[in-house]
Structure formats: structure tokens, C-alpha cells
Amino acid sequence: MNDSVSLSDKPTMPLMSLRCVAGWSLFSAITLYLSFPPAGLWPLAWIAPLGWLAIVRAERLTRRAYAVIYLSGALFWLALLYGVGNSHWATRLFGWPTLCCYLAVYTPLFVATCRTAVQRGKIPLTIAAPVCWVGWEFVRAHFATGFAVGLIGHSQAAQLPLIQISNLVGAYGVSLVVVLLAAAIVDAGLIDRWIRPQPAAPTLSLRLATITTAIVLLLATLVYGWRQLASPEAGASETLTAALVQGSIDTSFDDPTQPRRTFEQYVQLTDAATRNRDDLDLILWPETTMGNHALIEVDGELSAPPGATITDERYRELLLRYRDEYLLLVDELANRRWKTPLLLGTSTLRYSKQRTQIFNSAFYVPLDQAPQLRYDKTHPVMFGEYVPLGSVFPWIYEMTPIGVGLTPGAGPVAIDVGERVRLIPCICFENTVPHLVRRHAAAAADPTKTEILVTLTNDGWFWGSSVLDLHLLCAQFRSAELRKPMLIAANTGFSASIDRNGRPLAIGPRQQTKVLIVEIPLDTAPPTIYQRFGDLFAGTCGALTLLLLGFGWILRWRRKD
């Protein structure tokens, strides 16, 4: 008998049909989307992974099945991040779909690595699924500067006892608990009747082990959370009173009057908020709200722009004059007009002989001629503030509305307000990146001060879409991870005050003006486990997941050979 005959006579494992793969994939994509804002049906997140996990449990898939799984991931991200494309036609046509098509890659990668662990490694799904899910969330949060919005754990932000585990292992811990419970349901065979062809029924001992594991982990997480919520704040008799100024002008590249109108609106709102008040300790403005006013830096000798009718020296003198006028303006606002320290979002232009650099900055203007401090954003937003490969091929920027792109800042900056308060600023979407905020907090750590996370953001790019809600969910987790309060000043919303447990105490309206006057207890607290050890847990999951990916490729290569 020849080889071809013997191979054809070998029994084959049952194959899951493309229709079944499509049905399960759509189930997961739709329910996961509905668990996030705007629907906000958070209980659905606990069953959302069932579809993709049912596919993992199938004995055999075709290559086309992975294309269907990829399309389900793309559908989820396109719906979830629809508001990302609201700022400009180029972002709608290129930036938003490109980002979503990239993020969708992680859905078939999760299924493939999880199948390698379960089908080849004989690892229980209850173990393999949460490890692989968290592993790919970790990789997504770091690869290509990182994108950590839309972790499945973020859907549970309102469940305060559940999210307190974040101060141990980050938001990834909540994702692990959610996916583990879904995996236990599948591992116990509770949805086998809807899987075609049906897999082998699990043994009674496996059913009991998986369900018991899920229940014990969930209860342990909730007990830990309840204990954390019950712990009192130490030394919180004093408070910091801050004004979070929220204007409401949606961002558009095509409106030349917008910068001036934005600055005027924030001045008027602050005038109204400070009238008849002398108890404010701090005023916060969102990012880039200074309109056409920008902070100027001159680095060494300069050459006038080509075609200019002034000398190099005169050009340098003009820039220095603009710098002095800017500093006089902010000093007038903080020291004379409002008599309150001001932390505002501004642009910084650094001129040198080689090139002009643009920074997105948070500028602190204190009282009584104290030193001014500036934090320059270190993590530019992909397609919003920089374009991949734009530094290598500058012509790419000519096709986008964002100009030459943003220069990253040097690193974190701590801003002391008085003797007892230390601000840890972030700008825009930086607070969506957990390891970045953790590094900022670790660098600024001072056990003698109340450390407050601050975010200055212009969410007018999203025109009131649910991206505002996703941004707020990330902020809640940063507070819970580090057990530090957070203040958010956001153009168009959501400005907010969040306590150390991730609970929003005050939230501004969507696409409306508002000045929130909030009080933050002056409480000193030791660093959390997450602040001390960072993503050790999630990084381990990521390393194991990448090993599974490599192992799967080796097996596939050997089968072809």
C-alpha cells in the first residue's frame, strides 16, 4: 500500500464549520462591544469570551476560520473606537480603520495560542485562556508604543470591590478573573450542546475543579476588594481645593478661529469660577487651551526662515520677546487676576539652528515668583500626534493634518503645590497606558506628600462620542492601581475627580461647559504592590503567550515538513 492510500484512509478529526465559527465569533464581538459604553451592559463581559473559547474547544479548524475570527475582532474595534475618526476626514479614512485593523490581529492570535495550549499542550482551558488573554493584552499595551484602551477588565470599572485587585497586578488582574470565569463555563462543558461538532464531554472531576477554581478566585478577589474599600484614609483632615475648568469647543482642523475662541472661553469660565472665592488652591486647564499663545524656547544661535526679510539676530530677538510676553500673560492670569496657582495645557516651541520641535506641555504657574515647572508629554498618540515612520519619511506628514508631529518629552516631572501636595501630571491619552503612569508615580514618589495624579486632556477630537467614556474608565483604573486620587481637566468632558479606589466623586457633563470645584483629602499612603513591581504578573503571561505562539509555529512547520 502506498503512502497516499494510507494517508487517505486515516480517520480525520471533526471539523468546525465556517458557519459555526462565524456565529460564535459574532456572538463574542457583539456582546463584548455591548459591555462597554455607550451601552455599558457590563455583565455581558463575563460571557463575551464564550464564543471565541468555544472555537478554541473545537478539535479542528480551517485556515479560513482564522480569517473569520479576525473579521469579528475588526468589527468589535471599529464599533468601539468609531469616535476616533471624528476629528478629520484623513483620520476617518486612514487612521481609524488602520488602528482597528491592527488591533483585530490580537483576536486570532488569542485563539491560536490558546488552541496550542489546550489541543497540543493538554492544558485546561481554565488556565490557558486567562493567561493567553492577559498575555495579548500586555503585548498590545506595549507594542508600537502601546494601546491599552478597551481591556476587557475596563468594562467592570463600576464594580469597585472587583477592581481593587488592580493595586496588586494592574487592570490585567480584572481581565484574568473575567476570562477565567468564562473559560470555566466552557471547560465544564456547559455550552457543549451548542458546539458543532460536539467535543468530548469533560469528566465530573474536571467539571468540579473548573467551577470551584472560578468561584474561589472570584470570591477571593471580592473579599480583597471589600477590605481595601473599608480601609480608612490616614491623616485626611486637610484638603486641597481645586477648580477643574471644562470648556466645550469640539476640535476641528478647518476652523482658524478655534484657538482664539478656546482661550477666551477658558478665561471667561475661570473668571466666573473665581469670582467671590478665595479658597482655591489650584486651577486646572486642559491640554492646548492657550489658543495661539505658545511657550517659546530658543536654543543657541538661529537662522531666519528662508525668504525672511529680517536678520538672524532680529529673528532671535522676536522669538525671545514672544517668550517674555507669554510668561507675562500667564503670570497676570495666575498672580493678579485669579490669585491662584495655575496648571494649564500649552504648546512649547523649541527653536534651534537644526530644527523646530513642538512639545505638548503642562505648565505650572505658581504664586509669589516661585519656580515655574513644565512637563512635556512623553507618549504621543499614534495618528493623532505622530505617524509611524514619519521621522524616516517626512513626506508622510504632508498627507496628514497634524503637521510635523510631536516631539516626546524627556520624562516625568513632579510638581509640588505647597509643602504637602505633589502633582504627577499626564497629558491626553497618557493615562490610558498603565506602565507609563506607574513609572511617573514611582519617579515622583514622596512618602511625606499627598500624591495626586493629574490628567490634562482635549477630548474635543472625539465630538462627544463614547471614546470619552473609555478614557474615563482608564483613569479610574490608574487611581485604583496606585491608590492615588486623580484630577482630570478635559475639554468637552469628562472632567472628573476620582478617589484612590477608582470611584468618580464628580464628573463634568458631555460636550458642555462646567467648572468642577472639588476637594481632595491630604492623605499619605505607601506605594502599592503594582507601583513597586509593575507588570511582573502580566509580563509573565505575555512571555508564556509568546512562547506558545512560537511553539505553535514550530508544530505547523514540522507538519508541513
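Author: A salt bridge is a side-chain nitrogen of Lys or Arg within 4 Å of a carboxyl oxygen of Asp or Glu. The structure above is a predicted model, and by this rule the count comes to 20 salt bridges.

Reader: How far apart are the closest N and O atoms of Arg336 and Asp331?

Author: Arg336 is partly exposed, with a relative accessible area of 47%, whereas Asp331 counts as buried at 13% relative accessibility. The two residues form a salt bridge, and the separation of their closest N and O atoms is 2.4 Å.

Reader: How many residues apart in sequence are the parts that Glu297 and Arg350 tie together?

Author: The side chains of Glu297 and Arg350 meet in a salt bridge, at 2.8 Å from N to O. Glu297 counts as partly exposed because its relative accessibility is 23%, and Arg350 likewise counts as partly exposed, at 25%. Since Glu297 belongs to strand β3 (residues 295–299) and Arg350 to strand β4 (residues 342–352), the pair ties together parts whose separation in sequence is 53 residues.

Reader: Is Asp376 buried or exposed, and which residues share a salt-bridge network with Asp376?

Author: The side chain of Asp376 meets that of Arg374 in a salt bridge, with 2.8 Å from N to O. Because buried means under 20% relative accessible area, Asp376, at 10% relative accessibility, counts as buried. Salt bridges that share partners join Asp376 into one network with Glu297, Arg350 and Arg374.

Reader: Which strands lie at the edges of the open sheet that begins with β7 in the order of strands?

Author: Six strands form this open sheet, with mixed pairing, and their order is β7-β8-β9-β10-β11-β12. From one strand to the next, the twist averages 20°. An edge strand here pairs on one side only, and the strands of which this holds are β7 (415–417) and β12 (504–507).

Reader: Within that sheet, which residue of β10 is the bridge partner of Val454?

Author: Strands of a sheet pair through backbone hydrogen bonds, either parallel or antiparallel. In the case of strand β9 (residues 450–458) and strand β10 (residues 486–491), the pairing is in the parallel sense and extends over six bridges. The bridge partner of Val454 in β10 is Leu487.

Reader: At about what angle to β8 does helix α14 run?

Author: Helix α14, which comprises residues 434–443, lies across two strands of the sheet, namely β8 (421–427) and β9. Relative to β8, the helix runs at about 150°.

Notes
Residues are numbered from 1 along each chain as its sequence is written. This is a predicted model: local features need pLDDT of at least 70, side-chain atom pairs count only at pLDDT 80 or more; totals for chains, interfaces and linings use all residues. Side-chain values use heavy atoms; hydrogens and water are left out. Two strands pair if DSSP finds at least two bridges between them. Helices (H or I, at least four residues) and strands (E, at least two) are DSSP runs, numbered from the N terminus. Axes are lines fitted to C-alpha atoms, for helices over the stretch in contact, and angles run from 0 to 180 degrees between N-to-C directions. Contact means heavy atoms within 4.5 Å. Buried means under 20% relative accessible area, exposed over 50%, partly exposed in between (1.4 Å probe, protein chains only).
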